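Let's take a walk through this model together, going from a loop to a strand and on to the core. Keep the structure open beside you as you read.

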Amino acid sequence: MSQPISTFIRHHYRHFNSASLKDAAEGYVKLLDDGGKMFFTMGGAMSTAELGLSLAEMIRQDKVHAICCTGANLEEDVYNLIAHDHYRRVPNYRYLTTDDEVAIHEAKLCRVTDTCIPEEQAMAVLHDLVLEQWTQTEKRGDRLFPHQHLFELIRSGKLEPHSQIDPKDSWMVAAAEKNLPMFVPGWEDCTLGNMYASHCMRNHLSPVGMRMGIEYMTELAAWYEDTTSTSSVGFFQIAGGIAGDFPICVVPMLRVDLEKTEVPHWAYFCQISDSTTSYGSYSGAVPNEKITWDKLSGDTPSYMIESDATIVAPLIFQYVLEQ
């Protein structure tokens, strides 16, 4: 007899990482039930792993209230939207030789573990569409953040003739529909960021035409202060790196640098990572280390799930959605 995922998890997930998953899911539900908001951060290659299949519904049902992600995750959900049928899976990727990798490159495919993104159908198509968006915005004298450009492109309908998946499975489409607060630090290191930089080097565009970096941090600070004035805010992190470290630092920045000691700490913390605790690794840093940096308090419910986020995150999302 079939049963809800949440029932299955409560019965079977009792120890070790499975128990951490259950506890984190229950803590997530409690935060929302108590009127809190959840801030979601995403490193790694979760968009290419098609996390949108579950994340999009979390956004639509107001279970995620803001997102910080890498530039790669920002664009790769859109690549999947417009070029899904041209992706190529390589299940035996562990056994690829150097010659195999060269052949993949010559086929104009970019490999992410077992999945190859098609350059011509994904990157080139999106580049041409977003270049027009960048150019028109600059000519108007406007300045937008990277995610705002993609939101406008999604809302314009120009992606619809290219769409190859159901838009309900795209977390970027869901985020654009909600006009979700988003923050994309270090955007210039992704493919579209590289393309934008190349246009600046050719004097086709101006670097000042794109809002990034420090402006993202000041926007985040304003969002955090405004949101925590009426509700607590939790922090749900997939992987480490800039997508996690950038936003979590907004709390000590406000409390220490701006001396706003009344600003509360993050009210919940969960990280899913396959990086084990090690020497100086941010991805592998345990939650209690963050107490010393004034990011979390000693009372913050904290969970560390050392596992594959492509397995763990959809289970937690479904658990939350079933409540």
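Ile291 has a relative accessible area of 37%, so it counts as partly exposed. In this predicted model, Ile291 is found in the loop between S8 and S9. Leaving out residues up to four places away in sequence, Ile291 touches Leu296, Ser297 and Gly298. You can also look back along the chain to His265: 26 residues separate it from Ile291 in sequence, and the C-alpha atoms of the two are 9.5 Å apart.

Now move along to Thr300, which sits in the loop that links strand S8 (268-273) with strand S9 (302-306). Is Thr300 buried or exposed? Its relative accessibility is 10%, and because buried means under 20%, Thr300 counts as buried. If we set aside neighbours within four places in sequence, the contacts of Thr300 are Trp266, Ala267, Tyr268 and Phe269. There is a polar detail to find here as well: a polar atom of the Thr300 side chain lies 3.0 Å from the backbone nitrogen of Ser297. Ser297 is also one of the residues that Ile291 touches.

From S8 we can step across to strand S7 (residues 233-238). S7 and S8 run parallel and are joined by 5 bridges; within this pairing, Gln237 stands opposite Gln271 in S8. Strand S1 (residues 37-42) also runs parallel to S7, with 6 bridges joining them, and Met42 has Ile238 as its bridge partner in S7. How many residues of S7 are buried? The count is 6 of 6, so the strand is mostly covered, given that buried means under 20% relative accessible area. Try following the side chains: Val233, Phe235 and Gln237 point one way from S7, while Gly234, Phe236 and Ile238 point the other way, and all are buried.

Phe236 brings us to the largest nonpolar core. This core has 97 residues, and Leu55, Trp171 and Phe236 are the ones that touch the most other members. Helix H13 (residues 309-322) gives the core its largest share, 8 residues. A second, separate core has 5 residues, among them Leu96, Ile104, Leu109 and Cys116.

Trp171 makes a good last stop. Not counting residues up to four places away in sequence, Trp171 touches Met42, Ser47, Gly52, Leu55, Ala56, Ile59, Ile67, Cys69, Asn73, Leu74, Asp77 and Met182. Two names in that list may look familiar: Met42 is the bridge partner of Ile238, and Leu55 stands beside Trp171 and Phe236 in the list of residues touching the most other core members.

Technical notes
Residues are numbered from 1 along each chain as its sequence is written. This is a predicted model: local features need pLDDT of at least 70, side-chain atom pairs count only at pLDDT 80 or more; totals for chains, interfaces and linings use all residues. Side-chain values use heavy atoms; hydrogens and water are left out. Helices (H or I, at least four residues) and strands (E, at least two) are DSSP runs, numbered from the N terminus. Buried means under 20% relative accessible area, exposed over 50%, partly exposed in between (1.4 Å probe, protein chains only). A polar contact is a pair of N or O atoms within 3.5 Å; within protein, one must be able to donate a hydrogen and the other to accept it, and residues adjacent in sequence count only if both atoms are side-chain atoms. Contact means heavy atoms within 4.5 Å. A nonpolar core is a set of buried Ala, Val, Leu, Ile, Met, Phe, Trp, Tyr and Cys residues joined through side-chain atoms within 4.5 Å. Two strands pair if DSSP finds at least two bridges between them.
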